[in-house]
Amino acid sequence: MAEIILNVEVRERTGTGGAREARRSGMVPGVLYGGSKAPVAIAVKSNEFRKALYTGKLLGHLVTLKYGKESQPVIAKAIDMHPVTDEPVHFDLYRVDEHQKIKIAVPVHFKNHEASPGLKKGGTINVVRHEIELSCAADAIPEELVFDLTGLDIGDTIRISAFELPKGVQAAMDRDVVVATIAGSSASASADAAADDEAASAASTTE
């Protein structure tokens, strides 16, 4: 089962007014939706929600929602943060079955930068997609996808198909889209352009 448990209360008031009332009471308002049931306005104590959030295993992970003696698995789909205080102000939970197939975005990271010839030459990694949408069971969501940059040179392209996905996990995108590229630095690009101009000038002089 999930490692995180959220003890929720059902909010009687909905809408903006109900959300503000919950915050004044030291709660973080949210909505539980999905499945065949109607959406339910809920709230979690602010300190408990922050504790769960700062584990790094709340958003996009399977967690257990508890209401009294009832419990069910859910996925935290979205968390809104205050632009100034960076405190959680609202969240969305999605009802799931543990083994249900879902689509969810997972963060992408890269390792072994020092083993990339392109980066050693002064190139940079240009990340096009910081997340990849995957299709997998709710209880088998990867923490992250990590790509090994060993051997990659300037001009190389990293596509979704190049990632080693865990068993039972598939990319949820129709096309084999680009995730990142190894690009030349602006300095090397300028040097290359200058060299091309010099070669062209020399060629025109000898003609």
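Student: Why is Asp139 called partly exposed?

Tutor: This is a predicted model, and in it Asp139 has a relative accessible area of 37%. Buried means under 20%, and exposed means over 50%. The value of 37% lies in between, so Asp139 is partly exposed.

Student: Where is Asp139 placed?

Tutor: Asp139 is in a loop. Strand 9 (131-137) comes before that loop, and strand 10 (145-148) comes after.

Student: What makes Asp139 and His99 a polar contact?

Tutor: Their side chains are joined at 2.8 Å. The cut-off for such a pair of N or O atoms is 3.5 Å. The value of 2.8 Å is within 3.5 Å, as a polar contact requires.

Student: Which residues does Asp139 contact, leaving aside neighbours within four places in sequence?

Tutor: Leu62, Glu98 and His99. Take Glu98: 41 residues separate Asp139 from Glu98 in sequence. In space, their C-alpha atoms are 5.3 Å apart.

Student: Now the sheet. How do you know that strand 8 and strand 13 pair?

Tutor: Count the bridges. There are 4 between strand 8 and strand 13 (residues 178-183). Pairing needs at least two, so these strands pair. They run antiparallel. One bridge links Val127 to its partner Ala180 in strand 13.

Student: What is the strand order in this open sheet?

Tutor: The order of its 3 strands is 8-13-11, with antiparallel pairing.

Student: Why is one side of strand 8 and of strand 11 left without a neighbour in the sheet?

Tutor: Strand 8 (124-127) and strand 11 (157-159) stand at the edges. Each has a single partner strand, so one side of each has no neighbour in the sheet. From one strand to the next, the twist averages 20 degrees.

Conventions: Residues numbered from 1 in each chain as written. Predicted model: local features only at pLDDT ≥ 70, side-chain atom pairs only at ≥ 80, totals over all residues. Heavy atoms only, no water. Helix = DSSP H or I, 4+ residues; strand = E, 2+ residues; numbered from the N terminus. Buried < 20%, exposed > 50% of the residue type's maximum accessible area, 1.4 Å probe, protein only. Contact = heavy atoms within 4.5 Å. Polar contact = N/O pair within 3.5 Å; in protein donor to acceptor, adjacent residues only side chain to side chain. Axes fitted to C-alpha atoms, helices over the stretch in contact; angles between N-to-C directions.
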